[in-house]
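Trainee: Please give me a close look at one part of this model. I want to know what surrounds it and how the rest of the chain is held together around that view.

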Amino acid sequence: MALRTRRAAFSATVFLASCALAGSFVNQRVGAQQATDENKVRDSLKSFTSAYAVVEQNYADPMTGERIDKAIYDGAIPGMLHTLDPHSNFYDPKAYAQMREDQHGKYYGVGMQIQPQGNKIVVVAPFEGTPAYKAGIRPGDVIVTVDGKSTEGMDSAAVASLLKGARGTHVAVVMAREGSEKPLTFDLVRDEIPRYSVDLAFQIKPGVGYIHVSSFMETTSHEVADALEKFGKVDGLVIDLRGNPGGLLKEAVAMSDKFLQKGQIVVSQKGRAFPDEVYRATRGEQGKSYPIVVLVNRNTASAAEIVSGALQDHDRALIVGETTFGKGLVQTVSTLSENTGLALTTYHYYTPSGRLIQRNYDNVSLYDYYYVRDTPKDNANREVKLTDSGRTVYGGGGITPDEKVETPKSTHLQDQLLIGYAFFNYSKHYLATHPVTKEFTVDDAVITDFKSFLKSAPSTQNIAYSDADFDAVKDWIKANIKAELFTSQFGQTEGLHVRADWDPMIQKAVGFLPQAQALADKAANAQKQAALR
């Protein structure tokens with residue numbers, strides 16, 4: 001009983017600390033609230049503690065530690081924050097540790113991506129150069145035990161926790177592999193595992209660089225710089241920010257700095273409790289300028305929108321794709337007690353032209369905000385701004401692309417093949433009896449074998465499709481087969497390379513480089529005219 005009481009007291013303390021911290025952000029440098037408002041706050045906190053006491057004492061089931069945590073961590077605190085805006089958030093100890101790991105861009109473990117598949121934990125791919133990769137672990141290997149502990153009934157987070165540990169320590173992993181009669185045992189030595197935000201950078205065609213930035217971590221701007229240096233002299237660049245959820249503001253600023261002129265504004269922050277801040281390019285683009293196309297979609301958000309908006313407002317890049325997510329709220333993360341954290345919205349951010357990117361969230365459910373997200377049907381009620389060369393751009397609803405290119409809609413067959421892990425499982429089946437070299441192509445024999453596999457694999461044998469259905473997406477199927485095989489044989493980078501070579505959205509982005517060049521020329525002329533005034 002004493003333990004339960006102490007846990008309840010701690011959880012309640014975290015809640016009250018969250019309330020106090022939120023209040024301190026609001027009141028800092030703004031002045032004390034009026035006495036009536038302060039009384040309302042105190043009365044509300046008293047009401048909460050009274051309600052919590054009644055629940056703790058009288059709820060039908062015992063208020064165990066797990067139930068207490070759920071009531072506070074998943075209920076009271078998130079409920080309070082989500083009434084403010086969709087992005088203020090609370091992190092319990094596990095989520096807070098994961099967030100910090102994601103920001104650092106590294107952790108200590110064995111280096112492999114895993115996922116549940118049925119009741120098994122399966123290796124998606126080992127990261128190149130890591131202990132798992134060097135030991136010969138393959139995509140599709142099933143993790144049976146970790147240090148003698150069975151993974152049966154575990155989720156992927158629990159298994160990942162077992163695999164992580166101090167650098168230099170050993171972990172024994174037993175794997176089941178298709179085509180192998182006996183389980184395979186690997187003695188792995190944990191090491192620092194880098195997590196790259198630039199997961200693919202190569203010349204998509206001679207003289208045209210391609211960079212895919214998956215997120216903004218502490219190493220992102222350095223990774224972009226390394227990619228540009230590796231390219232050497234190029235005549236054009238495609239920056240792919242599709243699906244990028246954002247991340248660290250300073251890294252978005254540092255990345256933008258590589259393509260803008262020294263002194264140009266990247267982004268500004270405006271809030272109520274703190275002074276406004278303006279971030280500028282401190283070094284500016286080094287070397288010869290070249291046309292840039294930035295590829296975005298509806299899941300491009302936050303820091304990725306800062307980069308897109310800055311390059312668009314300064315006419316430095318042509319934005320191609322779909323209207324972005326529209327996340328223009330800045331969260332300040334503070335550590336609470338027991339390694340929990342509070343991410344509280346303290347600023348709105350604005351593009352160089354003064355556009356607010358944040359989408360309206362008033363009277364919108366969290367589900368609709370994140371998943372429905374109707375884009376504005378017209379620009380009648382949106383704020384109007386101008387780029388450096390006088391082009392019209394709009395605020396209040398994400399970054400509207402200069403050239404709209406919709407992501408192709410998936411067919412029912414494509415959805416079913418992905419849901420059934422068809423390509424992932426086929427690669428295990430094929431590699432069990434066939435060698436694959438980098439000269440491999442998906443020919444008619446492979447397609448025939450793939451169709452036979454679909455009929456026999458438990459996860460895909462009930463998929464019904466016609467020859468017309470198959471032929472309509474045949475190129476996509478070939479690309480996915482080859483990508484999975486190359487991932488297994490040569491690593492994730494080669495698999496991503498195959499997908500990028502095929503991707504029709506990337507090919508369209510490359511096709512817009514002449515328009516990007518014309519835009520850059522127009523911006524240069526505008527700057528010359530401004531200098532003469």
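Mentor: Contact here means heavy atoms within 4.5 Å. The model is a predicted one: local features need pLDDT of at least 70, side-chain atom pairs count only at pLDDT 80 or more, and totals for chains, interfaces and linings use all residues. Residues are numbered from 1 along each chain as its sequence is written, and side-chain values use heavy atoms, with hydrogens and water left out.

Try the contact rule on one residue. Ser268 touches Glu277, Val278, His348, Tyr349 and Tyr350, once neighbours within four places in sequence are set aside. Ser268 sits in strand E13, residues 265-270. Helices (H or I, at least four residues) and strands (E, at least two) are DSSP runs, numbered from the N terminus. Ser268 has a relative accessible area of 10% or so on a quick look; the computed value is 11%, and it counts as buried. Buried means under 20% relative accessible area, exposed over 50%, and partly exposed in between, with a 1.4 Å probe and protein chains only.Now the part I would look at closely: helix H12, residues 422-431, which holds Ser427. Of its 10 residues, 9 are buried, so H12 is largely enclosed by the rest of the structure. The buried set is Ala422, Phe423, Phe424, Asn425, Tyr426, Ser427, Lys428, Tyr430 and Leu431. Lysine is on that list, as Lys428. What do these residues pack against? Their partners are strand E3 (112-117), strand E4 (120-126), helix H11 (412-419), H13 and H15.

Zoom in on Ser427. Its relative accessibility is 1%, so Ser427 counts as buried. Beyond the neighbours within four places in sequence, Ser427 is in contact with Glu484, Leu485 and Ser488.

H13 and H15 also meet each other. H13 spans residues 444-456 and H15 spans residues 474-490; their axes come within 11 Å and cross at roughly 90 degrees. Axes are lines fitted to C-alpha atoms, for helices over the stretch in contact, and angles run from 0 to 180 degrees between N-to-C directions. The two helices are therefore roughly perpendicular. That label covers 65 to 115 degrees; under 35 is roughly parallel, over 145 roughly antiparallel, and the rest oblique. On the H13 side, Val446, Ile447 and Phe450 make the meeting. On the H15 side, Lys474, Ile477, Lys478 and Ile481 do so.

Step back to the whole chain. There are 18 helices and 21 strands. Buried residues make up 45% of the 533 residues. Take the contacts with a separation of 6 or more: residues 24 or more positions apart account for 70% of them.

Next, two backbone points. Most residues other than glycine have a negative phi. Ser302 has a positive one, near 55 degrees. Ser302 lies in the loop between strand E15 (292-296) and helix H9 (303-313). With a relative accessible area of 10%, Ser302 is buried. Asn363 also has a positive phi, of about 55 degrees, and is not a glycine. Asn363 belongs to the loop between strand E18 (341-350) and H10. Its relative accessibility is 85%, so Asn363 counts as exposed.

Last, the charged pairs. Side chains of opposite charge can pair when their charged atoms come close. A salt bridge is a side-chain nitrogen of Lys or Arg within 4 Å of a carboxyl oxygen of Asp or Glu. By that rule there are 12 salt bridges. In one of them, the side chains of Asp191 and Arg167 meet at 2.9 Å, N to O. This pair links distant parts of the chain, 24 residues apart: Asp191 is in strand E9 (residues 191-194), and Arg167 is in the loop between helix H6 (156-163) and strand E7 (170-176). Asp191 is partly exposed, at 29% relative accessibility. Arg167 is exposed, at 53%.

Arg167 has another partner, Glu192, at 3.9 Å, N to O. Glu192 is in strand E9 and Arg167 in the loop between H6 and E7, so the pair ties together parts that are 25 residues apart in sequence. Glu192 is partly exposed, with a relative accessible area of 29%.

A further bridge joins Glu285 and Arg316 at 2.9 Å, N to O. Glu285 lies in the loop between strand E14 (277-280) and E15, and Arg316 in the loop between H9 and strand E16 (318-321), so parts 31 residues apart in sequence are tied together. Glu285 is partly exposed, at 22% relative accessibility. Arg316 is buried, at 9%. As for the earlier pairs, salt bridges that share partners join Arg167, Asp191 and Glu192 into one network.
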